[in-house]
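Visitor: I should like to go through this structure and ask, for each term applied to it, what justifies the term.
Guide: Certainly; let us look at the structure together.

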Amino acid sequence: MNKRKAIVIRAKDLKPIKYSGRDNYKIVDPTTVKSEELTFGLCVMEPGGEGKPGQIHNDQEEAMFILSGNGIAVLNDEKEEIELSPMDTIYIPKGAYHIIKNPNSIPLQLLWILSPAGWIFDRRPEWGKKAKKGEL
């Protein structure tokens with residue numbers, strides 16, 4: 001029997017993936033710990049930052065949990081803007097548009113989880129390249 005073992009990921013070992021206006025930390029993912037069913041990470045969005053581009057995951061659900069700071073979620077086809085505060089959770093079903101913005105003067109920190117596993121910038125490398133250049 002090939003039983004996998006639980007592991008601890010230390011914050012000091014995480015390396016930021018820098019995009020225009022935000023740092024992402026891909027913590028649990030097939031590319032980091034060989035997870036099979038989910039991808040989990042942290043985003044630190046600087047004041048004025050946006051999670052560009054707005055996204056639709058046709059084959060994934062996503063949840064976000066606000067740790068600190070305040071922001072705005074722009075959701076669904078209607079592009080409804082909803083204010084975010086610490087301890088708020090956003091559930092994003094498959095096929096729902098979403099983008100997060102930080103119009104405030106302090107960083108916004110949020111945790112995110114995707115299921116099934118896979119990160120949008122791994123799935124769409126052209127977006128990752130543009131985001132790193134600030135073109136998105």
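Guide: Two residues are said to be in contact when heavy atoms of theirs lie within 4.5 Å. Please bear in mind that this is a predicted model.

Visitor: With which residues is I100 in contact, leaving aside its neighbours within four places in sequence?
Guide: Under that rule I100 touches M45, G49, E50, G51, M64, I72, A73, L84, I90, L108 and L110.

Visitor: What makes a group of residues a nonpolar core?
Guide: The members must be buried residues of the nonpolar kinds, joined through side-chain atoms within 4.5 Å. The largest such set here has 20 residues, and M64, I90, I100, L110, W112 and W119 are those with the most contacts inside it. Two or more residues come from each of β1, β3, β4 (61–68), β5 (71–75), β7, β9 (108–115) and α1 (120–123). The greatest contribution is that of β9, with 4 residues. Apart from this core lies another, of 5 residues, including Y25, I27, L42 and V44. In soluble globular proteins, nonpolar side chains tend to be buried together.

Visitor: Why is W112 called buried?
Guide: The limit for buried is under 20% relative accessible area. W112 has 4% relative accessibility, and therefore counts as buried. W119 has 5%, so the term buried applies to W119 as well.

Visitor: What makes W112 and W119 a stacked pair?
Guide: Ring centres must lie within 6.5 Å to pair, and planes under 30 degrees apart count as stacked. For W112 and W119 the centres are 5.9 Å apart and the planes differ by 5°, which meets both conditions. The count by this rule is 2 aromatic pairs, and ring pairs link Y19, W112 and W119 into a cluster.

Visitor: How do you know that β2 and β3 are paired, and in which direction do they run?
Guide: Pairing requires at least two bridges. Strand β2 (residues 22–28) and strand β3 (residues 39–45) are joined by 6 bridges and run antiparallel, so they qualify as paired. Among the bridge partners, Y25 is matched with L42 of β3, and N24 with C43 of β3.

Visitor: How many bridges join β3 to β9?
Guide: There are 7 bridges between β3 and β9, again in an antiparallel arrangement. One of the matches places M45 opposite L108 of β9. As for exposure, β3 is mostly covered, with 6 of its 7 residues buried.

Visitor: In what order do the 6 strands of the open sheet stand?
Guide: The order is β1-β2-β3-β9-β4-β7, with antiparallel pairing. The edge strands are β1 (17–19) and β7 (89–92); each has a single partner strand, so one side of each is left without a neighbour in the sheet. On average, neighbouring strands of this sheet are turned by 20° against each other, direction ignored.

Visitor: Which strands make up the open sheet of 3 strands?
Guide: That sheet has the order β6-β5-β8, and its pairing is antiparallel. β6 (80–84) and β8 (98–101) are at its edges because each has a single partner strand, which leaves one side of each without a neighbour in the sheet. The average turn between neighbouring strands of this sheet is 25°, direction ignored.

Visitor: What makes β5 and β8 a pair?
Guide: They are joined by 4 bridges and run antiparallel, and at least two bridges are needed for pairing. V74 has I99 of β8 as its bridge partner.

Visitor: Why is K79 called partly exposed?
Guide: Partly exposed covers the range between the buried limit of 20% and the exposed limit of 50%. K79 stands at 40% relative accessibility, so it counts as partly exposed. N76, at 32%, therefore falls into the partly exposed class too. N76 lies in the loop between β5 and β6, and K79 is found in the loop between β5 and β6. Although K79 is not a glycine, its phi is positive, about 55°; N76, a residue other than glycine, has a positive phi near 70°.

Visitor: How do you know that the charged end of K79 sits over the ring of Y97?
Guide: The rule asks for a distance within 6 Å of the ring centre and a position within 35 degrees of the ring normal. The charged end of K79 is 4.1 Å from the centre of the Y97 ring and is counted as sitting over it.

Visitor: What kind of peptide bond joins S115 and P116?
Guide: The bond is cis, with omega about 0°. P116 is placed in the loop between β9 and α1.

Definitions and conventions. Residues numbered from 1 in each chain as written. Predicted model: local features only at pLDDT ≥ 70, side-chain atom pairs only at ≥ 80, totals over all residues. Heavy atoms only, no water. Axes fitted to C-alpha atoms, helices over the stretch in contact; angles between N-to-C directions. Buried < 20%, exposed > 50% of the residue type's maximum accessible area, 1.4 Å probe, protein only. Phe/Tyr/Trp six-rings, centres within 6.5 Å; stacked < 30°, edge-to-face > 60°.
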